[in-house]
Amino acid sequence: MAGVLVFGDTVGGALAPASLEMAVAGAALAQALNEPLTGALIGDDLAAVAAEFNGGFATLHLIEGKHLRPYTARSAIAAAKAAIDAAAPSVVLFPHTLETREWVPRLAAMLDTGLVMDCTALNAEGSDLVVSKPVYGGGVTAQYVVRGNIRLVTVRTGVFEARAGAATGAVNKIAAVEPAAGRVTLIDEAKAAAASGVRLKDAKVIVSGGRGLGGPANWHYIEETAAAIGGAVGCSRPVADSGWVSSAHQVGLSGTSVKPDLYIAVGISGAVQHLAGISNSSTVVAINLDGDADMFTRANYGVVGDYKDVLPGFIERAKQLRG
Amino acid sequence: MNIIVTVKQVADPNIPPAHIQLDPDGKRIISPFGVPPVINGYDANALEEAIRLKEKHGGKITAVCLGDDSSRESLKYAVAMGADTAILINDPDLVNGDSATVGRALAAAIKKIGGCDLVLCGRQASDTDGGQVLHWIAEALDLPTVVPVTKIEAVEGQQLTVHRLIEDGYQRIKVELPALLGVSSEINEARHPSVRGTMAAGRAMIAGWKAADIGLAAQTPKVELRELQIQVRTTKAELIPGSTGAAQGAALADKLHELGLI
Ligand SMILES: Cc1cc2nc3c(=O)[nH]c(=O)nc-3n(C[C@H](O)[C@H](O)[C@H](O)COP(=O)(O)OP(=O)(O)OC[C@H]3O[C@@H](n4cnc5c(N)ncnc54)[C@H](O)[C@@H]3O)c2cc1C
Ligand SMILES: Nc1ncnc2c1ncn2[C@@H]1O[C@H](COP(=O)(O)O)[C@@H](O)[C@H]1O
């Protein structure tokens, strides 16, 4: 077993931006371990995506099969095992997504090997793999040594800077074998209507609302602010739990990690679990009635005030400025 | 339906980072004085869902926890909420185990209990933010799993229809019992114990099992915690002045425009 194997990810038939972040994380680790770097993609039609996944791999393994989309854990695990068999790596990296959170730990248990999820730093000490990840919601960082023949790591998105352009050596196509019907069957998928076209994860500007909005009837303040500055809509967990908006909008530890240039948090107190999702945002603005709210310790700019007064003034001026 | 709910006791996740302290070997956090540990939030959601299933379909709920003696408090809380029985695995060799060790110990305990129709776990524990233990349980017991579950839509004989969260909506999934589900907070709002429940919890006998009781052999850890470090946050927001809220809002827009952000 030698080598670092990096799994990319696809969304809607395109390469997920996190994939090239994984490649960068994997390349550094492969160099430190002095082992080769290989890549892998799982999906149903990978030709175009594979061309974009140029992370400098000695070999790129493509595991293709119609049954791999939409996602099911059983098929993903079988496909990943095929790639791991082909690459025989000592370390495998995956982007930390709602999918990998489900199937990678089951894979670890099947392979009886060490796994740490949601890592933000990876280091080699000799042949030891040492990783760091936020714990206690993000207020504390834990450092772990991962052991096992094939050490598995999921990596938080938005932590490593994506870089493309390093050519792939060889492409190895593996036809995925559809696993026998199991005890879990996908019936269908229900997609939530997205409030704006931009995916939260890739949005440059995000306006996020919290419990401080007071109720779903006030949610239009957030939508209107986002619309005025061309941003995506986010929310804190209580807002999603209470069903004011769908969970797809939730930012934070158990929601999406975002990386915008501008993040405006309205009526959000700034719990560590929320801040965990915005740590890679460039400029953070807090609008909160309570000047002692923790959100102000992460924000670059703050407005202490009632959002019902602040946002209309903001929207009006922003519209003028943007012409 | 016989249901086992795994319940972990954790430091209160609402402790602000500035108040978190580490023990001398840097491997555990010490809760500030007067802030008792709590039952992991997602596990409370799992227990709530178990109680709702029992109310509809009958059966029995067993709460299982691996932890030190103080974890009895969380198991009492589970009984107060509505669990019928509670079991504590409090072997010092297991308490600081990695996910594989803890998961296999919980699986061994579930076997000793005599199995069940459904294991309900939280999607993750709020102290480790691990998200793994449930999968080690499932693999050891060869159970199908779905995570994160936001709704149990239907129960038909030995089949459940559940919703699994995806990035832009949810999947509807059929799963055959016995199965293990990792529950997310969207699924319900956990109840607070009633007075009657709290009285029952006061009388409840909580069994304490050691590794030998569940036939568990020593294991070499696959993941070793080296140290914890508290993240100090230093930024202090520059406050936007203004005589009224609307004026502050306009000044904020000016500022962000000046910075080229809007
Ligand atoms: C394991 C775990 C995972 C979690 N994951 C997440 C996650 O992914 N994302 C997440 O967000 N949370 C998460 N949480 C929950 C988190 O701990 C907090 O409970 C949550 O973020 C609080 O949401 P909030 O700030 O909207 O509400 P609150 O904490 O209730 O804050 C509301 C804020 O609004 C302000 N306010 C009130 N009225 C007004 C007004 N008129 N104008 C302006 N401001 C006003 C108040 O001053 C207050 O600061 C998680 C918790 C756990 C335990
Ligand atoms: N020590 C424990 N005792 C009981 N249940 C646990 C324990 N550790 C983890 N679990 C269960 O497994 C889930 C995931 O835990 P973790 O992998 O630590 O994030 C939790 O929500 C619990 O339901």
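**Buried positions and nonpolar cores in a two-chain model**

Gln124(B) is buried, with a relative accessible area of 11%. This value, like the others below, comes from a predicted model. The residue sits in the loop of chain B that runs between strand S8 (118-122) and helix H5 (133-141). Residues up to four places away in sequence aside, Gln124(B) touches Asn40(B), Tyr42(B), Asp129(B), Gly130(B) and Gly131(B), as well as Leu253(A). Because buried means under 20% relative accessible area, the 11% computed for Gln124(B) places this loop residue in that class.

A second buried position of chain B is Gly182(B), whose relative accessibility is 0%. Gly182(B) belongs to strand S12, which covers residues 179-183. Once neighbours within four places in sequence are set aside, the contacts of Gly182(B) are Cys121(B), Gly122(B), Arg123(B), Leu134(B), Val146(B), Val147(B), Pro148(B) and Val149(B). Gly34(B), by comparison, is 148 residues from Gly182(B) in sequence, and the two C-alpha atoms are 31 Å apart in space.

Turning to chain B as a whole, 7 helices and 15 strands are found. Its C-alpha trace spans about 65 × 50 × 40 Å along the principal axes. Of the 262 residues in the chain, 51% are buried. Among contacts in chain B that link residues at least 6 apart in sequence, 71% are between residues at least 24 apart. The chain exposes about 11,600 Å², and 52% of this area is supplied by carbon and sulfur atoms. Chain B carries 26 positive and 32 negative charges, and the mean positions of the two sets are 5 Å apart. The domain assignment divides chain B into domain 1 (2-214) and domain 2 (232-262), with 44 Å between the C-alpha centres of these domains.

What, then, of the nonpolar interior? The largest nonpolar core has 41 residues, and the members touching the most others are Val4(A), Phe53(A), Leu93(A), Leu122(A) and Val131(A). Helix H1 of chain A (residues 18-33) gives the most to this core, contributing 7 residues. For Val4(A), leaving out neighbours within four places in sequence, the contacts are Gly26(A), Leu29(A), Ala30(A), Leu33(A), Pro36(A), Leu37(A), Thr38(A), Val91(A) and Leu93(A). Apart from this core lies another, made up of 38 residues that include Ala50(B), Val146(B), Ile152(B) and Ala201(B). One of these, Val146(B), is also in contact with Gly182(B).

Terms used:
Residues numbered from 1 in each chain as written. Chains lettered and ligands numbered in written order. Predicted model: local features only at pLDDT ≥ 70, side-chain atom pairs only at ≥ 80, totals over all residues. Heavy atoms only, no water. Core = buried A, V, L, I, M, F, W, Y, C linked by side-chain atoms within 4.5 Å. Buried < 20%, exposed > 50% of the residue type's maximum accessible area, 1.4 Å probe, protein only. Helix = DSSP H or I, 4+ residues; strand = E, 2+ residues; numbered from the N terminus. Contact = heavy atoms within 4.5 Å. Areas by Shrake-Rupley, 256 points an atom, 1.4 Å probe, with all protein chains shown as cover. Lys, Arg positive; Asp, Glu negative; His and termini not counted. Charge placed at Lys NZ, Arg CZ, Asp CG, Glu CD. Domains from an automatic or database assignment.
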